[in-house]
Amino acid sequence: LACQSPEKLIIDAEVIAMAKHLLSGLQVRTETLATTLFAGIDFKPDFLKHKLTRQLFPKEQYLPSSIIDRGSLRTWQDAGSADAFARARLRATGLLAAYQPLALPTEQERELRQLMSSLAHHAGMDNLPAIEKL
């Protein structure tokens, strides 16, 4: 737990999403595997201009959020050279600022606090950390 942070959780979520995409395997998205498309272009790089390529690209290519930068070195430098941790910090700050806690019934909140206090005491903590109001 000592190595956790909101930034790390956000980066981990990106990596998990990429792994899930990879594990989903290859999908057959056209009846003929687009062989007619390739036959018509004679294996030139023109396939990127075709409508079918533009339709299939978002389904096949996983593009994570802005946390993982897929741009060029020049684009990255022009944008301020922020690394993944710095971008994750911005995302975490935005998520925390927008967060609205659920309104729990008083009894349920009391039971949760008692449970957490009991677990904290069992782990050697005298008190729960104070909850910061956002």
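This is a short tour of the structure you have open, stop by stop. Keep in mind that you are looking at a predicted model.

**Stop 1: the whole chain**

Start with everything shown as a cartoon. You should find six helices and zero strands, so the order of elements from the N terminus is simply α-α-α-α-α-α. Now switch on the surface. Its accessible area is about 11500 Å², and carbon and sulfur atoms account for 62% of that. Of the 134 residues in the protein, 12% are buried. As for how the chain meets itself, take the contacts between residues at least 6 apart in sequence: 54% of them join residues at least 24 apart.

**Stop 2: Glu-7 and Arg-89**

Select residues 6–23, which make up helix α1, and pick out Glu-7 within them. Is Glu-7 buried or exposed? Its relative accessibility is 10%, and since buried means under 20%, Glu-7 counts as buried.

Next, show what lies around Glu-7. Leaving out residues up to four places away in sequence, Glu-7 touches Phe-85, Ala-88 and Arg-89. Zoom in on Arg-89, because its side chain and that of Glu-7 meet in a salt bridge, with N to O at 3.3 Å. Arg-89 sits in helix α5 (residues 84–98) while Glu-7 sits in helix α1, so this pair ties together parts that are 82 residues apart in sequence. The two partners differ in cover: Arg-89 is partly exposed, at 44% relative accessible area, whereas Glu-7 is buried at 10%.

**Stop 3: one step along helix α1**

How many salt bridges does the structure hold? There are four, and you have just seen one of them, between Arg-89 and Glu-7. For another, select Lys-8 and Asp-12: their closest N and O atoms are 2.7 Å apart. Here both partners belong to helix α1, four residues apart, or about one turn of the helix. Lys-8 is partly exposed, with a relative accessibility of 28%, and Asp-12 is partly exposed too, at 26%.

**Stop 4: Leu-56 in helix α3**

Move on to residues 51–60, helix α3, and highlight Leu-56 there. What does Leu-56 contact once neighbours within four places in sequence are set aside? The answer is Arg-29 and Thr-30. Try a distance label from Leu-56 to Thr-30: their C-alpha atoms are separated by 9.1 Å, and the two residues are 26 apart along the chain.

**Stop 5: helix α6 and a nonpolar patch**

Now select residues 106–122, which form helix α6. Show the side chains of Glu-109 and Arg-113, which meet in a salt bridge at 3.2 Å, N to O. Both residues lie in helix α6, four residues apart, so you are again looking at about one turn of a helix. Glu-109 is partly exposed at 32% relative accessibility, and Arg-113 is partly exposed at 40%.

Stay in helix α6 and find Leu-119. With a relative accessible area of 48%, Leu-119 is partly exposed. Now add Leu-102, Leu-104, Leu-112, Leu-115, Met-116 and Leu-128 to your selection: with Leu-119, they form a nonpolar patch on the surface. Colour the patch to make it stand out; together its residues have about 650 Å² of accessible area.

Terms used:
Residues numbered from 1 in each chain as written. Predicted model: local features only at pLDDT ≥ 70, side-chain atom pairs only at ≥ 80, totals over all residues. Heavy atoms only, no water. Helix = DSSP H or I, 4+ residues; strand = E, 2+ residues; numbered from the N terminus. Buried < 20%, exposed > 50% of the residue type's maximum accessible area, 1.4 Å probe, protein only. Contact = heavy atoms within 4.5 Å. Patch = residues over 30% accessible without salt bridge, like charges linked within 9 Å, V, L, I, M, F, W, Y side chains within 5 Å. Areas by Shrake-Rupley, 256 points an atom, 1.4 Å probe, with all protein chains shown as cover.
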